[in-house]
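Please open the model in your viewer and keep the selection panel at hand. The tour moves from the whole chain to a single pair of residues.

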Amino acid sequence: MTARVLQTTISHPVNLSGVGIHCGQPATVRIVPAGADHGIVFRRARGGADTIRADVAHIGATDHCTTLVGDGWSVATVEHLLAALSGLEIDNALVEIDGPEVPAMDGSAAPFFEALDQAGIETLDAPRHFIRVTRAIRVELGRAAAEFRPGAQRRFEVELDFANPVVGRQTYAADLSPDLFRRDIGPARTFGFLAEAQALWSRGFALGASLDNALVVGDGHIVNPDGARFADEFARHKAVDAIGDLALAGAPILGTFHTHRGGHSLHALALKTLLATPDAYEILEQPAPRFGRLAGFSAAVYGPAVS
Ligand SMILES: [Zn+2]
């Protein structure tokens with residue numbers, strides 16, 4: 001399936017504005033077309049030409065969201081935008097941002113993929129490269145666990161196990177494709193528990209959260225007047241997060257990613273472990289590999305060439 005699949009970008013720039021779910025501050029992102037082998041790169045819209053490549057080497061904090069850290073600045077909550085780009089198989093884009101956090105929009109990846117679809121997707125004259133899982137890798141983090149397994153598809157399997165009975169145990173599994181992402185995964189919203197709101201606010205999280213950008217779980221029921229978009233919206237949103245976090249591999253991963261009680265920290269640990277285990281994956285159609293060291297991991301790590 002991987003023979004001569006070509007890279008893509010968007011046809012026209014597109015803007016989205018809103019508040020960050022954690023910082024509560026407004027920001028505008030402008031997503032701009034980029035050439036082959038550029039990858040996904042964030043650029044600070046004000047204050048110079050500083051860029052942060054969306055890759056594992058730039059993962060910073062992973063509490064409640066994934067933050068990318070560059071030289072003297074950072075951008076938080078990148079995962080839903082990255083999920084939309086990855087879900088629609090868009091390899092190259094420049095994301096200009098004028099605030100500290102990607103806007104939450106409605107809490108899902110839908111506003112992002114709708115904007116990308118509106119911009120149009122264009123094929124580039126360069127082969128896409130893939131990371132193919134060649135043997136199983138498992139990581140554990142407390143009571144959470146994740147596993148990569150070999151497979152021909154980009155498959156995501158998510159298991160949730162929450163004490164709160166409104167969420168409880170949920171599973172979601174699917175082979176990813178752009179159409180499936182648009183229909184079944186992308187619209188699933190981030191979620192939070194009313195009982196935890198005070199504790200989150202006191203730690204500087206969820207300051208921009210509301211019923212407009214999150215599925216809120218109260219005492220025994222969903223607080224949002226319109227309820228859930230899917231019966232298993234919680235599990236589907238974990239798939240959004242996993243797809244967005246795995247996009248930091250810099251190339252689509254062929255194989256199954258299975259998580260149990262997953263979150264951003266687990267996703268980052270699993271991805272770093274995979275990429276630090278050279279006999280667990282191979283790169284197909286690799287145009288110009290660049291190997292470098294990743295702090296805390298001793299093995300060589302693949303990173304797309306910097307243009
Ligand atoms: Zn999320």
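The stops below begin with the overall fold and end within one sheet.

This is a predicted model, in which local features need pLDDT of at least 70 and side-chain atom pairs count only at pLDDT 80 or more, while totals for chains, interfaces and linings use all residues. Residues are numbered from 1 along each chain as its sequence is written.

Select the whole chain and colour it by secondary structure: six helices and 20 strands appear. These are DSSP runs numbered from the N terminus, with at least four residues for helices (H or I) and at least two for strands (E). The radius of gyration is 18 Å, close to the 19 Å that the globule rule gives for 307 residues, so the chain is as compact as a globular protein of that length. Both terms are defined over simple quantities: the radius is taken over C-alpha atoms, and the rule is 2.2 Å times the number of residues to the power 0.38. Along the principal axes, the C-alpha atoms fill a box of roughly 55 × 40 × 35 Å.

Next, select the five strands of the open sheet, ordered β2-β3-β8-β4-β5 with mixed pairing. Its edge strands, β2 (14-19) and β5 (51-53), each pair on one side only; pairing requires at least two DSSP bridges between two strands.

Now restrict the selection to residues 40-44 (β4) and 93-97 (β8), which pair in the parallel sense over five bridges. Finally, pick Arg43 and find the residue opposite, Glu96 in β8.
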